[in-house]
Amino acid sequence: MPLMAQQHKLWYTQPARHWLEALPVGNSQMGAMVYGGTETEEIQLNEETFWSGSPHDNNSLTARDHLQEVRDLIFAGREEEAHKVLDQHFFRGPHGMRFLPLGSIKLKLGHQEVSQYRRELNIGDAVSNTSYIYKGVKYERTVFASLPDHAIIVRLTASKPGALSFDVNFNSQLQAKVFTVSSHEGISGEVNELAAVVDGVEQEGIQAGLKAECRIMAEADGKVERGAEKLIVTNATTAMLYITAATNFVNYHDVSGNPVKKNNQTLSALKGKPYQLLLTNHVKKYQEQYNRVTLNLPKTANSSLPTDQRLVAFSESTGSMGNGQSLDLDMVSLMMQYGRYLLISSSQPGGQAANLQGVWNDKINAPWDSKYTININAEMNYWPSMVGNLVECQEPLLTMIRDLSETGAKTAEVMYGCKGWVAHHNTDLWRVAGPIDGTTWGMFPTGGAWLTTHIWQQYLFTGDKKLLEQYFPVMKGAADFLIDMMRIQPEYGWLVTVPTVSPEHGPMGKQTTVTAGSTMDNQIVFDVLSATIQAAKVLGKDDFQFSIYNSQLSQLPPMQIGRHGQLQEWLWDGDNPNDEHRHISHLYGLYPSNQISPFTHPELHAAAATTLKQRGDQATGWSLGWKTNFWARMLDGNHAFQIIKNMLKLLPDDSKMREYPNGRTYPNLFDAHPPFQIDGNFGVSAGICEMLLQSHDGAVHLLPALPNDWKQGNVKGLRARGGFIVDEQWSNSKLSTATIRSTIGGTLRLRSYTPLKGKGLRPAKGDCPNFLFAPADIKTPLVSPELKQSAPTSFPRRNVYEYDLDTTSGKTYTITKQ
């Protein structure tokens, strides 16, 4: 195991007092929160397919009849009236189902007044440990969610023979039947198992279609007995618990599965496997993904503090020092790797996509139902998957997009009379594609289209034509809907989406978010049409109607710079320069897209900087994650680091928001909106990677946004577009060495602030010949005639050196500074 993996631990000197202090483990299918209790240990459980409701859709049957009325009202400047019509006829419900908690396993140990207590989560091997001394005996507990064996494994030991005794109980906030099991199919002889059958719930009139079964199999070198609703372990030195869970969910339209059979198969496969083999197989499988990337940044004495204390110390040191001399920069490395850990633990091939809380939720009514919010949050969950070298973790998202292309085809026809498919701002396990919640939030018909950009980005990073061929119909379906749905805006003559919103935000002078052709929509449409055209060329689709798509592209609105020097969020100049709203949707073109470049359109880059400064450096947790990426794309590492510092401020729990108004990170390092949303963890993880490597704007840019405080360090294994794996080492804030492995061959264009040398390296000339990291070919932006002459027309950036290198698949190349 690499040294960095061993050092990246979350650890504490007391048990968790509440859920936001507990430690997460997961294998995508199951999630668990480990409290580390001594009198009673709690392991709170989730199963990824345990949601309320059952198969259904939420398509309004009256929407289509009122669509033209809504468009006419919007084009007439009567958006508030259009809002009322939309609320009445487009939002008929239901509004999405919710992710449910399964329940908790309680181990009644009875250990009070313990000493030498420590609990930890080692994200280098995805193992949680708790240890303490009680009455002279050392007790240890190890918990991990096995990726290969599809179960949560718990091992308890005592240093004194026979000193381990405890009861195993299960309770749930939902209706549950708990009983013991002495035998089952697949295992010969007697077993000692506790089973719980947990009932799902209805929601908004959609009947419960799911039941979950949880099973706990106990083994010990002492005595194991079955009580009425519990297991009893006595006089043991070592005990093992094997925890499985399943539901009857098969897919979004089939709930005919057999959870008992699933659990029997999982437990039968576990029976007889030694603990060490289970642990070894788990660590091996996990580290196949985790160990691809390491980030080494300098440590201080604070690096060895318990994590909750370390978080406070980090915030205090950044507030008082400012010069970086005593900064615990390894905390930044930990946050980057923690995001990767959480993604590995919540999103694996064959499973469900990570939802708004990943795969962890203890509430019967989770915030926002813990659904998939696809106007930013679900997309953000997967930002670390490419640059963070976890490509396979994105597979569940792609599967969800494919499902939505099926349900969304019906939505497109029923609600809009359009070809292709659509999904709005939210979806769930049942892949509902109609609008949700209300017009202010839900009238966003480009949510599904945005999701399809993840398909194209995965191709750009990997060159995987098989994947592109598999998902091309999904991409084309999203593009076809947009082409069919857009209309000419009569005042400007541009082709725009209508009705739509700029997510959750409206312009000055309007009491609604409803609009036509928001800047974000225009940018998403540009990306979707452009990617579909490029994919058709890559795949040799000779029958593809290129002329139609190119014609539509040519009619899209250009980006516009408003009178305050800002990038306009709407077709007209309605931005409030004093507005610090958390959504900065019109900077989608800066990140995750590549339409705003300091090299090809510095005036747009300057406008993006103005917008970012107007919106400020404080925000909700997930918004800070996005802002980290924004400032990385601005090539301003110092500002990106300031955003990270703003995120790494403790919020002990949600009841203390008034005491800690700027708290954005909980004691277990979960991101605080508040409340908890996991997207901020993923966003900042991707942002840290983006500060160290970018490949979206015509070249692979080495150390593009390195803060002054990060004077020395190294990173290994980041992934760049073009199929390149990049290692970088730097000292005195300058690149020393880069080692680059080519996985598919092709020309590599390098960009650096430092002159480079290396075998085969030559100065770059002309446009980059490798289209996998080509810049976006956008329209020239329009500038407001009211723009003050004092407004900046460019944002400062350093001079760069560019080089080309012809590479061969499988070969590694070493580049050094001159």
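Visitor: How does Asp199 count: buried, partly exposed or exposed?
Guide: This is a predicted model, so every statement here is about a prediction. The relative accessible area of Asp199 is 24%. Buried means under 20%, and exposed means over 50%. The value falls in between, so Asp199 is partly exposed.

Visitor: Which side chain does Asp199 meet in a salt bridge?
Guide: The N to O distance in this pair is 2.4 Å. The partner is partly exposed, with a relative accessible area of 43%. The side chain that Asp199 meets is that of Lys211.

Visitor: How many residues apart in sequence are the parts that Asp199 and Lys211 tie together?
Guide: Asp199 and Lys211 form a salt bridge. Asp199 belongs to strand 12 (residues 193-199), and Lys211 to strand 13 (residues 211-220), so the bridge ties together parts whose separation in sequence is 12 residues.

Visitor: How many salt bridges does the structure hold?
Guide: Side chains of opposite charge can pair when their charged atoms come close. Asp653 and Lys656 make one such pair, at 3.2 Å from N to O. The total for the structure is 34.

Visitor: How far apart in sequence are the parts tied together by Glu79 and Lys510?
Guide: Glu79 and Lys510 form a salt bridge, with the closest N and O atoms 2.7 Å apart. Glu79 sits in helix 3 (residues 79-89), while Lys510 sits in the loop between strand 22 (500-501) and strand 23 (514-515), so the pair ties together parts with a sequence separation of 431 residues.

Visitor: Is Glu79 buried or exposed?
Guide: Its salt-bridge partner, Lys510, is partly exposed at 21% relative accessible area. Glu79 has a relative accessible area of 7%. The cut-off for buried is under 20%. So Glu79 is buried.

Visitor: In the pair Asp653 and Lys656, which residue counts as buried?
Guide: The two side chains meet in a salt bridge. Lys656 has 28% relative accessibility and counts as partly exposed. At 13%, the residue that counts as buried is Asp653.

Visitor: Which residues do salt bridges that share partners join into one network?
Guide: A salt bridge can share a partner with another one here. Such shared partners join Lys299, Arg310, Asp328 and Asp330.

Visitor: Which helix gives the most residues to the largest nonpolar core?
Guide: In soluble globular proteins, nonpolar side chains tend to be buried together. The largest nonpolar core here has 241 residues, and Leu45, Phe90 and Trp710 are among those with the most contacts inside it. The helix that gives the most to this core supplies 12 residues and spans residues 465-485: helix 13.

Visitor: How many residues are in the second, separate core?
Guide: The largest core includes Tyr416 among its residues with the most contacts. Apart from that core lies a second one, which includes Ala151, Tyr242, Tyr275 and Leu279. Its size in residues is 15.

Visitor: How are helix 10 and helix 13 oriented to each other?
Guide: Their axes come within 11 Å and cross at roughly 25°. Residues that meet include Tyr416 in helix 10 and Phe481 in helix 13. Angles under 35 degrees count as roughly parallel. Helix 10 and helix 13 are therefore roughly parallel.

Visitor: How does helix 14 run relative to helix 15?
Guide: The axes of helix 14 (residues 519-538) and helix 15 (residues 546-554) come within 10 Å and cross at roughly 155°. Angles over 145 count as roughly antiparallel. So helix 14 and helix 15 are roughly antiparallel.

Terms used:
Residues numbered from 1 in each chain as written. Predicted model: local features only at pLDDT ≥ 70, side-chain atom pairs only at ≥ 80, totals over all residues. Heavy atoms only, no water. Salt bridge = Lys/Arg side-chain N within 4 Å of Asp/Glu carboxyl O. Helix = DSSP H or I, 4+ residues; strand = E, 2+ residues; numbered from the N terminus. Buried < 20%, exposed > 50% of the residue type's maximum accessible area, 1.4 Å probe, protein only. Core = buried A, V, L, I, M, F, W, Y, C linked by side-chain atoms within 4.5 Å. Axes fitted to C-alpha atoms, helices over the stretch in contact; angles between N-to-C directions. Parallel < 35°, antiparallel > 145°, perpendicular 65-115°, else oblique. Contact = heavy atoms within 4.5 Å.
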